[in-house]
Every structure is written in C-alpha cells, then in structure tokens.
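Biologist: I'd like to go through this one with you and hear how each label is earned. Could you put it up on the screen?

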Amino acid sequence: QVQLVESGGGLVQAGGSLRLSCVASGHTFSGYNMAWFRQGPGKEREFVAGVSWGGSRTYSGDSVKGRFTISRDIAKNTVLLQMNSLKPEDTAIYYCAASDGTCSGSGCYVRSLMDYWGKGTLVTVSS
C-alpha cells in the first residue's frame, strides 16, 4: 500500500509559477512509476506529466509541454511538478498517482493503470 500526499497548490496570477510536491509513504517508492493528473471544473481528469520508476524517463501532456517539468527524488520519496508560465486554463485539482514500475513507456501513464492516488491539491490561476 502506498500513501500519497500532495502539497504546494494555491492561487497565482497568469504567467507565474508554482511547485507541487507529492510525498509517498508505506511501500518501496522507487519501484513505482509516478505521475501527475489534473481535473479542471467540468472536465475529465487528464494526464499532466509522468516519470519512470528510476527517474530516467519523463513524459508530458501536450497542453503543458515546455512549461511543466516533473522530477523525483528517490531518497526523499518525493515527486515534484514545477509549473511555469501558468495560464488560467491550468486551474484544476492536481493529483499525484503511482503505478507498477514494471510497465515501461508513455502508454503506462493513463488513469486506468494508476494503482494509487493522492487526494489532490488545488491550483487556481487568475487572469
């Protein structure tokens, strides 16, 4: 069992930056692929960014490429999401998720393959 706790959300003006953190506990963190998803008002939950279990491969959703960066610190059981050049359409609840690290490639970062979820942190971007 893996517990995931997100933090770092808040209110920011368009063009600003935020850094989200996800701390994992309860199991061997290094064996899991990690990802961030988000769900905006009235929208489906969508993939934002993912990082492989070893940290060597990262993936980003089309809407955030070039603006958001995911990273992980295995020693600290932490996954970070650095968000720059924020836009009002980035407003959403951001969720941290973990999946079995035996899956490899971009196709592993879909909702149905995530085994564990955090409760989310709200990001609001004002125009």
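Biologist: Let's begin with charge. How far apart are the mean positions of the positive and negative charges of the protein?

Modeller: They are 4 Å apart, taken over 12 positive and 9 negative charges. Keep in mind that this is a predicted model.

Biologist: Noted. What makes Cys22 and Cys96 a disulfide?

Modeller: The cut-off is a pair of cysteine sulfur atoms within 2.5 Å. The sulfurs of Cys22 and Cys96 are 2.1 Å apart, so the pair passes the 2.5 Å test. The angle about the S-S bond is -80°, and that link is left-handed.

Biologist: And what does the pair of Cys22 and Cys96 tie together?

Modeller: Cys22 is in strand 3, residues 18-25, while Cys96 is in strand 9, residues 92-100, so the link joins parts that are 74 residues apart in sequence.

Biologist: Why are Cys22 and Cys96 called buried?

Modeller: Buried means under 20% relative accessible area. Cys22 comes out at 0%, and Cys96 is at 0% too, so both go down as buried.

Biologist: How many disulfides does a search of the whole structure find?

Modeller: Two. Besides the link of Cys22 and Cys96, a disulfide joins Cys103 to Cys108, with an S to S distance of 1.9 Å. Set that against the 2.5 Å limit and Cys103 and Cys108 qualify. The link of Cys103 and Cys108 is left-handed as well, with -90° about the S-S bond. Counting bonded cysteines along the chain, the pattern reads 1-2, 3-4.

Biologist: Are Cys103 and Cys108 buried or exposed?

Modeller: They get separate labels. Cys108 has a relative accessible area of 2%, so it is buried. Cys103 is at 30%, which falls between the 20% and 50% cut-offs, so Cys103 counts as partly exposed.

Biologist: Let's zoom out. What pattern does the protein follow along the sequence?

Modeller: It's β-β-β-β-β-β-β-β-β-β-β. That is eleven strands and zero helices.

Biologist: How do you know that the protein is as compact as a globular protein of that length?

Modeller: The radius of gyration is 13 Å, and the globule rule gives 14 Å for 127 residues; the two values are close, so the protein is as compact as a globular protein of that length. The C-alpha atoms fill a box of roughly 40 × 25 × 25 Å along the principal axes.

Biologist: What share of the residues is buried, and what share of the accessible surface belongs to carbon and sulfur?

Modeller: Buried residues make up 43% of the 127. The accessible surface comes to about 6,400 Å², and 49% of that belongs to carbon and sulfur atoms. On contacts, take those with a separation of 6 or more: residues 24 or more positions apart account for 60% of them.

Biologist: Now some single residues. Why is Asp90 called buried?

Modeller: The relative accessible area of Asp90 is 0%, so it is buried. Asp90 lies in the loop between strand 8 (78-83) and strand 9. Leaving out residues up to four places away in sequence, Asp90 touches Arg38, Arg67, Phe68, Ser85, Val123 and Val125.

Biologist: Pro88 is in that loop between strand 8 and strand 9 too. What makes Pro88 partly exposed?

Modeller: Pro88 has a relative accessible area of 35%, and partly exposed runs between 20% and 50%, so the label follows. The C-alpha atoms of Pro88 and Gln13 are 8.2 Å apart, although 75 residues separate the two along the chain. Beyond neighbours within four places in sequence, Pro88 is in contact with Ala14, Val125 and Ser127.

Biologist: How about Ser52: what makes it buried?

Modeller: Ser52 is at 8% relative accessibility; the limit is under 20%, so Ser52 counts as buried. Ser52 is found in the loop between strand 5 (46-51) and strand 6 (58-60). Apart from residues up to four places away, Ser52 touches Asn33, Arg57, Arg72 and Tyr109.

Biologist: One more. Why is Phe47 called partly exposed?

Modeller: Phe47, in strand 5, has a relative accessible area of 21%. Buried would need a value under 20%, so Phe47 is partly exposed. Among the residues Phe47 touches, not counting those up to four places away in sequence, are Trp36, Tyr59 and Tyr109.

Conventions
Residues numbered from 1 in each chain as written. Predicted model: local features only at pLDDT ≥ 70, side-chain atom pairs only at ≥ 80, totals over all residues. Heavy atoms only, no water. Helix = DSSP H or I, 4+ residues; strand = E, 2+ residues; numbered from the N terminus. Buried < 20%, exposed > 50% of the residue type's maximum accessible area, 1.4 Å probe, protein only. Rg over C-alpha atoms; globule rule 2.2 N^0.38 Å. Contact = heavy atoms within 4.5 Å. Areas by Shrake-Rupley, 256 points an atom, 1.4 Å probe, with all protein chains shown as cover. Lys, Arg positive; Asp, Glu negative; His and termini not counted. Charge placed at Lys NZ, Arg CZ, Asp CG, Glu CD.
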